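Thanks for making the time this morning. I would like to walk you through one protein model, so please have the picture in front of you while I talk.

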Amino acid sequence: MIVVGMLENNKNIMRLCLNHTYMGPAKLRVFGPTLCNYKSLVYLNLNKCYLRKYGGEQLKKILSSNTSLKELHVYGNCLRDEGMKCIYEGLLNNNTLEKLSVNDNDITSKGALLFKEIMLTCKTLSEIAVANNPISGDTIEQLVETAIKCTHLKVLDLSCPQVDLVRDRLFAKASCNPGLKLILQLPEEIESMSRNASDFF
């Protein structure tokens, strides 16, 4: 695989962006071991790489072994609760990751509740994005209540349609931690922002 050769021939790559690559869990298994021990990598973007829940096991190994990675983006990979559990297990052995995005991965409340322990135990994590997942309003509220206790956490994105009825109450709770930026946008607001941003390009 081209990625493996590139990583083996250049030991100083800091940012690896493979988003929108039809990779799947099989190809991730091929170069995953290389990423586990790659010492200079700080940013890994695997957005929309079709990893699915089976790719979660490789992400677990990368998070458990890599000692330089600071950002992981796995938006839109249909990881589901099984994949989220693998990420959670990998983070328990990680002390470098600062930013994690698992937006749009069909993660339900069962998988999202793992973030309560992640926020409490992973002290390096300062930004977490779990937007656009089918999480209940009650679970969102529990995550916010946990987040306001974590002084190391600076950004928490829980944007989804379910925040509509609880948004005002959650912002009021989050005000207890002025260092926390809580993002609770509705789909139409996200679409509007994207449309307005496109006017500048």
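The axes of H3 and H4 approach each other to within 7 Å and cross at roughly 10°, and with an angle under 35 degrees counting as roughly parallel, that makes H3 roughly parallel to H4. On the H3 side the contact is made by Gly56, Glu57, Leu59, Lys60, Leu63 and Ser64, which meet Gly83, Cys86, Ile87, Glu89, Gly90 and Leu91 in H4. Sorted by class, this contact has five nonpolar, four polar and three charged residues.

I should say here that this is a predicted model, with a mean pLDDT of 89 for the protein and 91% of its residues at 70 or more.

Now to a second helix pair: H6, residues 114-121, and H7, residues 137-147, have axes that come within 9 Å and cross at roughly 5°, and they are therefore roughly parallel to each other. Here Phe115, Lys116, Met119 and Leu120 in H6 meet Gln142, Leu143, Thr146 and Ala147 in H7, and the residues of this contact divide into five nonpolar, two polar and one charged.

Which residues have the most contacts inside the largest nonpolar core? They are Leu46, Ile87 and Phe115, in a core of 57 residues, to which H3, H4, H6 and H7, among other helices, each supply at least two residues. Leaving aside neighbours within four places in sequence, Leu46 is in contact with residues including Leu18, Leu59 and Tyr75.

One caution concerns residues 193-201, where pLDDT stays under 50 and the model has one contact beyond four places in sequence. Where pLDDT is low, the predicted coordinates should not be read in detail.

Definitions and conventions: Residues are numbered from 1 along each chain as its sequence is written. This is a predicted model: local features need pLDDT of at least 70, side-chain atom pairs count only at pLDDT 80 or more; totals for chains, interfaces and linings use all residues. Side-chain values use heavy atoms; hydrogens and water are left out. Axes are lines fitted to C-alpha atoms, for helices over the stretch in contact, and angles run from 0 to 180 degrees between N-to-C directions. Helices (H or I, at least four residues) and strands (E, at least two) are DSSP runs, numbered from the N terminus. Angles under 35 degrees count as roughly parallel, over 145 as roughly antiparallel, 65 to 115 as roughly perpendicular and the rest as oblique. Contact means heavy atoms within 4.5 Å. Ala, Val, Leu, Ile, Met, Phe, Trp, Tyr, Cys and Pro count as nonpolar, Asp, Glu, Lys and Arg as charged, and the others, Gly among them, as polar. pLDDT is the predictor's confidence in each residue, from 0 to 100. A nonpolar core is a set of buried Ala, Val, Leu, Ile, Met, Phe, Trp, Tyr and Cys residues joined through side-chain atoms within 4.5 Å. Buried means under 20% relative accessible area, exposed over 50%, partly exposed in between (1.4 Å probe, protein chains only).
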